[in-house]
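Biologist: I am new to this structure and would like a close look at a single part, the interior. Please start there and then work outwards.

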Amino acid sequence: MSTTKSGLHQTITAEMLHQLVENTFGTATIVKSFALLQGGLFNTTYRIQLEHASYTDVILRLAPELPLGSSGDPLFSFERTMMSAEPVVYEYYRKAGIPAPNIIACDDSGLIIPRTYMFMEFIPSKQLDHPSISESDKEQLYHQLGAYTAVMHQIEGASFGWPQGDGTIKGSDHWSEVLHSFAEETALKASQAGYMPGVGEEISDMFITNKDLFDQVTVPVLVHNDLWEANVLVHEENGQLNIAAIIDGDRSMFADRAFEAILSTESSAGFHEGYGRPQDMSDEGQARLLAYRILSSYFNAYVHEHQVDQPEAGQKYRERTLDLLKEWKRLKLNE
């Protein structure tokens, strides 16, 4: 097994790819061709052309290999189970009328390969960031995305936290506890790497000290948690571009709707018009939003620096985290 881009993004041999195909589609299936798709840093993705199978054009995605034991585990706890939860997330989408990929099979048994893998039907499409999409078309597509996101944020969970493959949710009835657990795990990994000493502990403590602020949020709703242009597939229908699917829903969680990072940007008026719900502009709402940005930025700083080996992006998120922390301290001083 070779490694490309990062220790998490790992290719497989042609023999293993054929074995996974045969295990899913049957021994009579012929692999006509396959190609490694670029762009991912976490999962490893192939497009495969098949013969003598119920599907002729499929995507194979493989999660990072699960390490033996917990020592030096590069994965966060939610990352170990998130691919197996993806079919559950897409079932939520379908029931709500949100376009989603068709999952053919998902295997997290580790019997054939020590990685969770899934096959899904290929969707003829392009990503929302494709240069051929005009600005006017993009704004209309963002309007659609906003409307779908609003529908997503009406899907309620029994508790806050991460969906699991069996339909349960790993988390807590208290939003502050999920945030603190996430921050604490990030701080621990950063500390073990000697990264941004003291910062993680400061952020983690923020969710304990201000527990009541976060527990004002009492209704957990489904957020995508990685909603950017590359995860929105677009196709043409009757001469008009429409969203074909919202993909990579494996980082989804039940959270405060404001935890959806795209809501805090002003990059597209179309998105916010389609979403149709105003931000919480109260002092408490804006404080929570700032805290979410701090946690997200800190997590991304660590991930880019130590998990996927993109130090330039890591430095950008590191500086952003420190700037946002200064803003938080000013906010608390002015209370």
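Modeller: Here is the interior, followed by the parts around it.

This is a predicted model, in which local features need pLDDT of at least 70 and side-chain atom pairs count only at pLDDT 80 or more, while totals for chains, interfaces and linings use all residues. Residues are numbered from 1 along each chain as its sequence is written, and side-chain values use heavy atoms, with hydrogens and water left out.

Confidence comes next. pLDDT is the predictor's confidence in each residue, from 0 to 100. The chain has a mean pLDDT of 92, and 94% of its residues reach 70 or more. Residues 1-6 are another matter: pLDDT stays under 50 there. Where pLDDT is low, the predicted coordinates should not be read in detail.

Now the interior. A nonpolar core is a set of buried Ala, Val, Leu, Ile, Met, Phe, Trp, Tyr and Cys residues joined through side-chain atoms within 4.5 Å. Buried means under 20% relative accessible area, exposed means over 50%, and partly exposed lies in between (1.4 Å probe, protein chains only). The largest such core holds 44 residues, and Trp175, Ile203 and Phe207 touch the most other members. Several elements each supply at least two residues, among them strand 7, strand 12 (253-255), helix 4 (175-192), helix 5 (199-209) and helix 9 (311-333). Helix 8 gives the most, with eleven residues. Helices (H or I, at least four residues) and strands (E, at least two) are DSSP runs, numbered from the N terminus.

Look at Ile203. Leaving aside neighbours within four places in sequence, Ile203 is in contact (heavy atoms within 4.5 Å) with Ala183, Ile294, Leu295, Tyr298, Thr321 and Leu325. There is also a second, separate core of 36 residues, which includes Val89, Tyr90, Leu141 and Leu222.

Stay with helix 8. This helix has 25 residues and reaches 35 Å from its first C-alpha to its last, close to the 36 Å expected at 1.5 Å a residue. The expected span is 1.5 Å times one less than the number of residues. Of the 25 residues of helix 8, 18 are buried, so the helix is largely enclosed by the rest of the structure. Asp309 follows helix 8, and its phi is positive, near 55 degrees.

Helix 4 holds His180. His180 is buried, at 17% relative accessible area. Beyond four places in sequence, His180 is in contact with Ser204, Phe207 and Ile208. Met196 sits in the loop between helix 4 and helix 5. Met196 is buried too, at 5% relative accessibility. Its phi is positive, near 45 degrees, in a residue other than glycine.

Strand 7 (residues 160-163) brings us to a hairpin. Strand 7 pairs with strand 8 (residues 169-172) in the antiparallel sense, over four bridges. Two strands pair if DSSP finds at least two bridges between them. Pro163 has Ile169 of strand 8 as its bridge partner. Five residues lie between strand 7 and strand 8, and Gly167 in the turn has a positive phi of about 90 degrees.

Ala158 lies in the loop between helix 3 (135-152) and strand 7. Ala158 counts as exposed, at 75% relative accessibility. Not counting residues up to four places away in sequence, Ala158 touches Ile169 and Asp173. The C-alpha atoms of Ala158 and Phe207 are separated by 21 Å.

Next, an open sheet. Three strands form it in the order 6-10-11, with antiparallel pairing. Strand 6 (126-127) and strand 11 (240-246) stand at the edges with a single partner strand each, so one side of each has no neighbour in the sheet. Strand 10 (residues 232-237) pairs with strand 11 over six bridges. Val234 stands opposite Ile243 in strand 11. Asp248 follows in the loop between strand 11 and strand 12. Asp248 is partly exposed, at 24% relative accessible area, and its phi is positive, near 50 degrees.

Last, helix 1 (residues 14-25). Its twelve residues reach 16 Å from first C-alpha to last, close to the 16 Å expected. Met16, Leu17, Leu20, Val21 and Phe25 are its buried residues. They cover an arc of only 145 degrees around the axis, which puts them on the same side of helix 1. The arc is that of the directions from the helix axis to the C-beta atoms. These buried residues pack against several strands, including strand 1 (30-36), strand 2 (44-51) and strand 3 (57-62). Just after helix 1, Gly26 takes a positive phi of about 105 degrees.
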